[in-house]
Amino acid sequence: MMNRCKRYFLAVFLAGVAGGAQATDQIRWLNDWLPAGDKAIIYLAVDKGLFAAEDIKVEIMSGRGSSDVVTKLATGAADMGTGGLSALLQAKAGATVPVTAVLSVYTKQPDAVFVSADSGIGSLNDLKGKNLATATFSASNVTWPLVLKANGMSPDDVRVTKVDPGAMGPMMSTGRVDGTINWITKLPAFNALMEQAGKQIRVLPWSDYGFDGYGLSVFASDRLIKEKPELVRKVLAIYRQAQQMAIEDPKQAGSALKAKVAEVDANVAAEEFSASIPLIQNEISERDGAGVFNPALLAITWKWVAKAQGLTEDTLNPADAVSGDFISK
(Lines give C-alpha, C1' and ligand atoms only; values in the text may rest on other atoms or scores of the structure.)
Protein backbone atom coordinates (compact mmCIF):
# COMPACT_ATOMS: atom_id res chain seq x y z
CA MET A 1 0.00 0.00 0.00
CA MET A 2 2.83 2.38 0.93
CA ASN A 3 4.69 1.70 -2.32
CA ARG A 4 1.52 2.30 -4.28
CA CYS A 5 1.07 5.70 -2.58
CA LYS A 6 4.67 6.63 -3.25
CA ARG A 7 4.25 5.74 -6.92
CA TYR A 8 1.09 7.84 -7.08
CA PHE A 9 2.65 10.96 -5.58
CA LEU A 10 5.75 10.49 -7.74
CA ALA A 11 3.54 10.33 -10.83
CA VAL A 12 1.71 13.52 -9.76
CA PHE A 13 5.05 15.29 -9.13
CA LEU A 14 6.48 14.28 -12.51
CA ALA A 15 3.30 15.33 -14.28
CA GLY A 16 3.57 18.72 -12.61
CA VAL A 17 7.17 19.08 -13.69
CA ALA A 18 6.29 18.12 -17.25
CA GLY A 19 3.41 20.57 -17.27
CA GLY A 20 5.69 23.33 -16.05
CA ALA A 21 8.22 22.54 -18.75
CA GLN A 22 5.51 23.03 -21.38
CA ALA A 23 4.43 26.39 -20.00
CA THR A 24 6.32 28.34 -22.68
CA ASP A 25 5.39 31.98 -23.09
CA GLN A 26 4.49 32.98 -26.64
CA ILE A 27 4.81 36.33 -28.38
CA ARG A 28 3.38 37.21 -31.79
CA TRP A 29 5.74 39.92 -33.00
CA LEU A 30 4.70 42.20 -35.86
CA ASN A 31 7.29 44.27 -37.75
CA ASP A 32 5.94 47.33 -39.52
CA TRP A 33 7.22 46.28 -42.94
CA LEU A 34 8.81 43.49 -44.95
CA PRO A 35 12.07 41.87 -43.76
CA ALA A 36 15.09 44.15 -44.25
CA GLY A 37 18.19 45.16 -42.34
CA ASP A 38 16.38 47.75 -40.24
CA LYS A 39 14.10 44.96 -38.96
CA ALA A 40 16.96 42.58 -38.13
CA ILE A 41 17.07 43.00 -34.34
CA ILE A 42 14.21 40.64 -33.56
CA TYR A 43 15.62 38.03 -35.97
CA LEU A 44 19.03 38.27 -34.31
CA ALA A 45 17.47 37.74 -30.89
CA VAL A 46 15.79 34.55 -32.13
CA ASP A 47 18.88 33.36 -34.00
CA LYS A 48 21.12 33.74 -30.94
CA GLY A 49 18.70 31.83 -28.74
CA LEU A 50 17.98 34.80 -26.46
CA PHE A 51 14.26 34.08 -26.38
CA ALA A 52 14.74 30.33 -26.05
CA ALA A 53 16.93 30.92 -23.00
CA GLU A 54 13.96 32.62 -21.33
CA ASP A 55 11.51 29.94 -22.52
CA ILE A 56 9.77 32.37 -24.86
CA LYS A 57 8.52 31.30 -28.29
CA VAL A 58 8.35 34.09 -30.89
CA GLU A 59 6.36 34.20 -34.11
CA ILE A 60 7.61 37.01 -36.38
CA MET A 61 5.13 38.54 -38.81
CA SER A 62 5.33 41.43 -41.28
CA GLY A 63 2.83 44.27 -41.35
CA ARG A 64 2.02 46.85 -44.01
CA GLY A 65 2.99 50.02 -42.24
CA SER A 66 2.89 51.37 -38.72
CA SER A 67 -0.87 51.96 -38.74
CA ASP A 68 -1.36 48.29 -39.60
CA VAL A 69 0.74 47.33 -36.57
CA VAL A 70 -1.34 49.55 -34.27
CA THR A 71 -4.58 48.08 -35.62
CA LYS A 72 -3.48 44.46 -35.27
CA LEU A 73 -2.13 44.95 -31.75
CA ALA A 74 -5.36 46.67 -30.75
CA THR A 75 -7.53 43.89 -32.16
CA GLY A 76 -5.50 41.04 -30.68
CA ALA A 77 -3.95 39.78 -33.93
CA ALA A 78 -0.46 40.42 -32.51
CA ASP A 79 1.10 41.04 -29.10
CA MET A 80 4.12 43.28 -29.64
CA GLY A 81 5.87 44.89 -32.59
CA THR A 82 7.54 47.92 -34.08
CA GLY A 83 6.12 51.02 -35.72
CA GLY A 84 6.53 54.74 -36.06
CA LEU A 85 5.41 56.52 -32.90
CA SER A 86 3.53 59.10 -34.97
CA ALA A 87 1.09 56.40 -36.16
CA LEU A 88 0.24 55.47 -32.57
CA LEU A 89 -0.19 59.10 -31.52
CA GLN A 90 -2.44 59.74 -34.50
CA ALA A 91 -4.58 56.69 -33.68
CA LYS A 92 -4.91 57.60 -30.00
CA ALA A 93 -5.88 61.16 -30.85
CA GLY A 94 -9.02 59.91 -32.54
CA ALA A 95 -10.11 56.99 -30.39
CA THR A 96 -9.41 54.74 -27.43
CA VAL A 97 -6.68 52.43 -28.72
CA PRO A 98 -5.42 49.67 -26.35
CA VAL A 99 -1.79 49.89 -27.47
CA THR A 100 1.19 51.49 -25.70
CA ALA A 101 4.70 52.39 -26.85
CA VAL A 102 7.08 50.74 -24.39
CA LEU A 103 10.52 51.40 -25.92
CA SER A 104 12.02 54.12 -28.08
CA VAL A 105 14.21 52.72 -30.87
CA TYR A 106 14.84 55.72 -33.15
CA THR A 107 15.42 58.93 -31.22
CA LYS A 108 15.76 60.78 -34.51
CA GLN A 109 13.38 60.77 -37.43
CA PRO A 110 14.59 58.60 -40.34
CA ASP A 111 13.14 60.74 -43.15
CA ALA A 112 15.58 62.28 -45.62
CA VAL A 113 16.03 63.54 -49.16
CA PHE A 114 18.59 61.75 -51.33
CA VAL A 115 20.24 63.77 -54.11
CA SER A 116 23.24 63.24 -56.33
CA ALA A 117 26.44 64.60 -54.80
CA ASP A 118 27.21 66.46 -58.04
CA SER A 119 23.75 68.02 -58.33
CA GLY A 120 24.69 71.30 -56.69
CA ILE A 121 21.99 70.67 -54.07
CA GLY A 122 23.51 71.16 -50.65
CA SER A 123 20.52 72.18 -48.54
CA LEU A 124 16.75 72.06 -48.40
CA ASN A 125 16.54 75.54 -49.91
CA ASP A 126 18.41 74.35 -53.00
CA LEU A 127 15.47 72.06 -53.83
CA LYS A 128 13.37 74.96 -55.11
CA GLY A 129 12.24 74.21 -58.63
CA LYS A 130 13.46 70.60 -58.42
CA ASN A 131 11.51 67.38 -58.85
CA LEU A 132 11.57 64.60 -56.24
CA ALA A 133 10.19 61.07 -56.37
CA THR A 134 8.45 59.58 -53.35
CA ALA A 135 6.69 56.29 -52.64
CA THR A 136 2.95 56.63 -53.21
CA PHE A 137 1.94 55.52 -49.71
CA SER A 138 4.92 56.82 -47.74
CA ALA A 139 4.10 58.36 -44.35
CA SER A 140 6.74 60.98 -45.17
CA ASN A 141 4.36 62.53 -47.70
CA VAL A 142 2.13 63.91 -44.95
CA THR A 143 4.96 65.64 -43.09
CA TRP A 144 6.94 66.89 -46.11
CA PRO A 145 4.87 70.08 -46.68
CA LEU A 146 5.23 70.95 -42.99
CA VAL A 147 9.02 70.55 -43.13
CA LEU A 148 9.13 72.92 -46.10
CA LYS A 149 6.93 75.48 -44.32
CA ALA A 150 9.07 75.27 -41.18
CA ASN A 151 12.04 76.24 -43.34
CA GLY A 152 10.38 79.20 -45.04
CA MET A 153 9.40 77.34 -48.19
CA SER A 154 6.11 76.58 -49.88
CA PRO A 155 5.05 73.04 -50.81
CA ASP A 156 4.71 74.38 -54.36
CA ASP A 157 8.44 75.18 -54.42
CA VAL A 158 9.32 71.51 -54.96
CA ARG A 159 7.57 69.17 -57.39
CA VAL A 160 6.89 65.76 -55.87
CA THR A 161 6.03 62.76 -58.05
CA LYS A 162 4.46 59.74 -56.36
CA VAL A 163 5.69 56.45 -57.81
CA ASP A 164 6.09 52.78 -56.97
CA PRO A 165 8.91 52.36 -54.40
CA GLY A 166 10.84 50.11 -56.79
CA ALA A 167 10.99 52.85 -59.42
CA MET A 168 12.55 55.51 -57.23
CA GLY A 169 16.16 54.34 -57.38
CA PRO A 170 16.28 53.89 -61.17
CA MET A 171 14.59 57.26 -61.70
CA MET A 172 17.22 58.97 -59.58
CA SER A 173 20.22 57.14 -61.01
CA THR A 174 19.16 57.95 -64.58
CA GLY A 175 18.46 61.61 -63.80
CA ARG A 176 14.70 61.48 -64.41
CA VAL A 177 14.25 63.14 -60.99
CA ASP A 178 16.55 65.37 -58.98
CA GLY A 179 16.21 63.31 -55.84
CA THR A 180 14.02 61.04 -53.73
CA ILE A 181 12.26 61.12 -50.39
CA ASN A 182 13.34 58.09 -48.33
CA TRP A 183 14.19 56.71 -44.94
CA ILE A 184 17.92 56.83 -44.28
CA THR A 185 17.84 53.05 -43.83
CA LYS A 186 17.31 52.72 -47.59
CA LEU A 187 20.63 54.42 -48.37
CA PRO A 188 22.62 51.19 -49.09
CA ALA A 189 20.25 50.06 -51.85
CA PHE A 190 20.24 53.51 -53.46
CA ASN A 191 24.02 53.76 -53.16
CA ALA A 192 24.38 50.55 -55.15
CA LEU A 193 22.26 51.92 -58.01
CA MET A 194 24.02 55.27 -58.04
CA GLU A 195 27.45 53.66 -58.02
CA GLN A 196 26.50 51.71 -61.14
CA ALA A 197 25.82 55.07 -62.79
CA GLY A 198 29.14 56.44 -61.55
CA LYS A 199 27.48 58.76 -59.04
CA GLN A 200 27.37 59.29 -55.27
CA ILE A 201 24.56 60.32 -52.95
CA ARG A 202 24.26 63.34 -50.70
CA VAL A 203 21.79 62.90 -47.84
CA LEU A 204 19.67 65.75 -46.46
CA PRO A 205 18.20 64.41 -43.16
CA TRP A 206 14.99 66.15 -42.17
CA SER A 207 16.23 66.14 -38.58
CA ASP A 208 18.82 68.72 -39.71
CA TYR A 209 15.93 71.01 -40.64
CA GLY A 210 13.87 70.94 -37.46
CA PHE A 211 11.97 67.68 -37.89
CA ASP A 212 12.68 66.39 -34.40
CA GLY A 213 10.94 63.59 -32.56
CA TYR A 214 10.75 59.88 -31.99
CA GLY A 215 10.51 57.49 -34.91
CA LEU A 216 10.50 53.70 -34.74
CA SER A 217 9.34 52.38 -31.36
CA VAL A 218 8.31 49.08 -29.81
CA PHE A 219 4.59 48.75 -29.10
CA ALA A 220 2.74 46.31 -26.86
CA SER A 221 -0.95 45.55 -26.60
CA ASP A 222 -2.53 46.79 -23.39
CA ARG A 223 -3.97 43.31 -22.91
CA LEU A 224 -0.48 41.82 -22.75
CA ILE A 225 0.73 44.61 -20.49
CA LYS A 226 -2.12 43.94 -18.07
CA GLU A 227 -1.99 40.14 -18.14
CA LYS A 228 1.77 39.53 -18.44
CA PRO A 229 3.78 42.63 -17.51
CA GLU A 230 6.83 40.53 -16.62
CA LEU A 231 6.81 38.98 -20.08
CA VAL A 232 6.81 42.46 -21.65
CA ARG A 233 9.78 43.35 -19.46
CA LYS A 234 11.67 40.20 -20.50
CA VAL A 235 11.00 40.73 -24.21
CA LEU A 236 12.25 44.32 -24.05
CA ALA A 237 15.39 43.27 -22.19
CA ILE A 238 16.08 40.70 -24.92
CA TYR A 239 15.35 43.18 -27.70
CA ARG A 240 17.76 45.70 -26.20
CA GLN A 241 20.43 43.02 -25.79
CA ALA A 242 20.07 42.01 -29.44
CA GLN A 243 20.07 45.64 -30.50
CA GLN A 244 23.42 46.21 -28.83
CA MET A 245 24.79 43.04 -30.40
CA ALA A 246 23.70 44.29 -33.82
CA ILE A 247 25.26 47.71 -33.24
CA GLU A 248 28.56 46.10 -32.31
CA ASP A 249 28.47 43.73 -35.29
CA PRO A 250 25.93 44.58 -38.02
CA LYS A 251 27.10 41.59 -40.10
CA GLN A 252 25.68 39.13 -37.60
CA ALA A 253 22.37 40.97 -37.79
CA GLY A 254 22.36 40.58 -41.56
CA SER A 255 23.28 36.90 -41.28
CA ALA A 256 20.53 36.25 -38.72
CA LEU A 257 17.94 37.82 -41.02
CA LYS A 258 19.24 35.78 -43.96
CA ALA A 259 18.96 32.60 -41.90
CA LYS A 260 15.22 33.18 -41.45
CA VAL A 261 14.42 34.89 -44.78
CA ALA A 262 16.36 33.19 -47.56
CA GLU A 263 15.72 35.81 -50.25
CA VAL A 264 17.42 38.56 -48.23
CA ASP A 265 20.99 39.59 -49.14
CA ALA A 266 22.91 39.36 -45.85
CA ASN A 267 25.45 42.03 -46.84
CA VAL A 268 22.79 44.52 -47.89
CA ALA A 269 20.84 43.81 -44.70
CA ALA A 270 23.98 44.50 -42.62
CA GLU A 271 24.49 47.79 -44.45
CA GLU A 272 20.85 48.75 -43.93
CA PHE A 273 21.15 48.12 -40.21
CA SER A 274 24.40 50.11 -40.10
CA ALA A 275 22.55 53.02 -41.71
CA SER A 276 20.03 52.93 -38.87
CA ILE A 277 22.60 53.07 -36.06
CA PRO A 278 22.81 56.91 -35.95
CA LEU A 279 19.03 56.96 -35.46
CA ILE A 280 19.37 54.65 -32.44
CA GLN A 281 22.64 55.73 -30.88
CA ASN A 282 23.23 59.48 -30.82
CA GLU A 283 23.45 62.50 -28.56
CA ILE A 284 19.77 62.15 -27.61
CA SER A 285 20.04 58.53 -26.48
CA GLU A 286 23.24 59.41 -24.61
CA ARG A 287 21.51 62.31 -22.86
CA ASP A 288 18.24 60.56 -21.96
CA GLY A 289 19.22 56.89 -21.90
CA ALA A 290 18.57 54.18 -24.46
CA GLY A 291 14.91 53.37 -24.98
CA VAL A 292 13.63 56.28 -22.88
CA PHE A 293 10.83 58.64 -23.93
CA ASN A 294 11.83 62.16 -22.88
CA PRO A 295 8.67 64.21 -22.15
CA ALA A 296 9.95 67.29 -24.02
CA LEU A 297 10.89 65.37 -27.17
CA LEU A 298 7.66 63.38 -26.90
CA ALA A 299 5.72 66.67 -26.92
CA ILE A 300 7.61 67.80 -30.04
CA THR A 301 6.81 64.49 -31.74
CA TRP A 302 3.12 64.99 -31.04
CA LYS A 303 3.27 68.63 -32.19
CA TRP A 304 4.38 67.53 -35.66
CA VAL A 305 1.67 64.85 -35.78
CA ALA A 306 -1.02 67.28 -34.67
CA LYS A 307 0.00 69.76 -37.37
CA ALA A 308 0.02 67.09 -40.03
CA GLN A 309 -3.48 65.93 -39.04
CA GLY A 310 -4.94 69.39 -38.52
CA LEU A 311 -5.51 68.73 -34.81
CA THR A 312 -5.07 71.01 -31.82
CA GLU A 313 -2.29 69.97 -29.46
CA ASP A 314 -4.72 69.55 -26.55
CA THR A 315 -6.42 66.71 -28.43
CA LEU A 316 -4.00 64.27 -26.83
CA ASN A 317 -1.57 64.13 -23.96
CA PRO A 318 1.26 62.19 -25.66
CA ALA A 319 2.46 60.89 -22.30
CA ASP A 320 -0.68 58.72 -22.23
CA ALA A 321 0.59 56.83 -25.28
CA VAL A 322 3.90 55.65 -23.81
CA SER A 323 5.25 53.83 -20.78
CA GLY A 324 8.75 53.65 -19.36
CA ASP A 325 7.81 51.06 -16.74
CA PHE A 326 9.23 48.06 -18.56
CA ILE A 327 12.87 48.99 -19.15
CA SER A 328 15.76 49.30 -16.73
CA LYS A 329 17.21 52.78 -16.75
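Ile284 touches Thr107, Lys108, Gly289 and Leu297, when residues up to four places away in sequence are not counted, a contact being heavy atoms within 4.5 Å. The model is a predicted one, in which local features need pLDDT of at least 70 and side-chain atom pairs count only at pLDDT 80 or more, while totals for chains, interfaces and linings use all residues. Residues are numbered from 1 along each chain as its sequence is written, and side-chain values use heavy atoms, with hydrogens and water left out.

Ile284 lies in helix α13, where helices (H or I, at least four residues) and strands (E, at least two) are DSSP runs numbered from the N terminus. Ile284 is buried, with a relative accessible area of 14%; buried means under 20% relative accessible area, exposed over 50%, and partly exposed in between, for a 1.4 Å probe and protein chains only. Although Ile284 and Tyr106 are 178 residues apart in sequence, their C-alpha atoms are 9.8 Å apart in space.

Helix α13 (283-288) also takes part in the second largest pocket, since β4, α10 (229-248) and α13 each supply at least two residues of its lining. A pocket is found on a 1 Å grid over the protein atoms alone, as an open set of points where a 1.4 Å probe fits, with protein on both sides within 12 Å along at least five of seven lines, and lining residues have an atom within 4 Å of a point. The table gathers values for this pocket.

| Item of the second largest pocket | Value |
|---|---|
| Space | About 190 Å³ |
| Lining | 14 residues |
| Share from α10, the most | 4 residues |
| Nonpolar residues in the lining | 5 residues |
| Polar residues in the lining | 7 residues |
| Charged residues in the lining | 2 residues |

Gln243, Ile280, Ser285, Ala290 and Gly291 lie nearest the centre of this pocket.

Helix α10 appears again in the largest nonpolar core, to which it gives the largest share, 10 residues. Of the 59 residues in this core, Trp29, Met80, Val218 and Leu236 touch the most other members; such a core is a set of buried Ala, Val, Leu, Ile, Met, Phe, Trp, Tyr and Cys residues joined through side-chain atoms within 4.5 Å. Apart from it lies another core, of 24 residues, including Leu89 and Trp302.

In helix α5 (residues 85-94), Leu89 is one of the buried residues, together with Leu85, Ala87, Leu88, Lys92 and Ala93. The buried residues of α5 pack against α4 (66-74), β3 (80-84), β4 (99-104), β10 (216-221) and α14 (295-309).

How values were computed:
Grid points are joined across faces, edges and corners, and a volume is the space filled by probe spheres set on the points. Ala, Val, Leu, Ile, Met, Phe, Trp, Tyr, Cys and Pro count as nonpolar, Asp, Glu, Lys and Arg as charged, and the others, Gly among them, as polar.
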